[in-house]
Amino acid sequence: MQEAATRAGEMLAKAGITCVHDATLRNTFERLETLERWHEQGALPQRLRCMIGIDEFLAKRDSLSRRFEDHGSFYGVKIILNEIRGRLNIERGQLKDYLVALEEASVPGMIHCVDELQLEVALDAIEAARNAFPGRNVPHRIEHASLCSDQMIERMAALGVYASSQPGFLYYSGERYLDTIDEGGIQELYRFRSLRDAGVNVSFSSDAPISPVRPFKGIYSAVTRRSEKGRVVLGSEQLSVMDGLRMYTINGARAMGMDGEIGSLSCGKRADMVLLSSNPLSCDLSTLESIEAEMTVIGGRTIWQASA
């Protein structure tokens, strides 16, 4: 397994990735210990953040303060909210109990939501947690936030909820979306611009291995909203290149509680950076998706460099 982790670390470094957030539902503190050991041994040179599953949190929450001390990579509890035969897999009351417990422990919940009902139920639970512990404002996060109405976007902004999404899905799955989702659904699909305008912290990722680890394919997708065959998926939600860069860098760092350390090049932060094959802010839009890393640096140390 460590050999596979080494190969993954090399692949990520070649893609210009300096930090990862492992969102595996089955993660336990014991598994985090293994990942942290591999990181310390250099197999995974990227900065590491890991979620644990809700069952692991509930089982270990009495010793949570020690777990924070022992596992620097721990950040967030993964909750999968979906529907099975038209019914939610987690009852509304149970989800509220989960979020209240997380709010009390000051641990962010990372809630998988891909449709409007799931998002509504998740926000109801977060609102209950906010009411139970006023002023604590734990930065809970919606994973994917695939379908968002105006009302749900307003609620996310008001509650201070973050959105972690995957713009590459517009490219890799855009044809399927356009062919299978009705017009009402398309109008609510991956509304990155509206979320940004409402003041929601939107961060981008790949959701690997669901889609390839190609940040500039993701930025290209967020900017053009074009599918693999060139069809535009809700063009009114197009972003600027700078928006895309922010959502992969400083917004991503904020979504992992690390924006005081990484995510931008500024005095006092760690020297994590990537040298690119061309300037994304001035290149022709048609070549944006082809930009590659030529050098990846973490903490001032070069971990990967393209051959001369």
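## Exercises on a predicted model

Y190 sits in the loop between α10 (183-186) and α11; helices (H or I, at least four residues) and strands (E, at least two) are DSSP runs numbered from the N terminus. This is a predicted model, in which local features need pLDDT of at least 70, side-chain atom pairs count only at pLDDT 80 or more, and totals for chains, interfaces and linings use all residues. Residues are numbered from 1 along each chain as its sequence is written, and side-chain values use heavy atoms, leaving out hydrogens and water.

**Exercise 1.** Find the sign of phi at Y190 and at A145, and decide whether each residue is buried or exposed.

*Solution.* Start with the general picture: most residues other than glycine have a negative phi, and most peptide bonds are trans.
- Step 1: Y190 has a positive phi, near 45°.
- Step 2: Y190 has a relative accessible area of 3%, so it is buried (under 20% relative accessible area; exposed is over 50%, partly exposed in between, with a 1.4 Å probe and protein chains only).
- Step 3: A145, in the loop between β7 (141-144) and α7, also has a positive phi, near 50°.
- Step 4: A145 is at 3% relative accessibility and therefore counts as buried.

**Exercise 2.** Locate P209 and describe the peptide bond that joins A208 and P209.

*Solution.* Look in the loop between β9 and α12, where P209 is found. The bond from A208 to P209 is cis, with omega about 10°.

**Exercise 3.** Work out how α6 and α7 pack.

*Solution.* Two packed helices are described by the angle between their axes and the distance between the axes.
- Step 1: For α6 (residues 116-132) and α7 (residues 150-159), the angle is about 25° and the axes are 11 Å apart. Axes are lines fitted to C-alpha atoms, for helices over the stretch in contact, and angles run from 0 to 180 degrees between N-to-C directions.
- Step 2: The two helices are therefore roughly parallel (under 35 degrees; over 145 is roughly antiparallel, 65 to 115 roughly perpendicular, the rest oblique).
- Step 3: On the α7 side, M152, R155, M156 and L159 make contact with α6 residues, including L119, L123 and R130 (heavy atoms within 4.5 Å).

**Exercise 4.** Explain why C113 is not bonded to C148.

*Solution.* Recall that a disulfide is a covalent bond between the sulfur atoms of two cysteines.
- Step 1: The rule here asks for a pair of cysteine sulfur atoms within 2.5 Å.
- Step 2: C148 holds the closest cysteine sulfur to that of C113, but at 9.0 Å, which is too far for a bond.
- Step 3: The count is zero disulfides.
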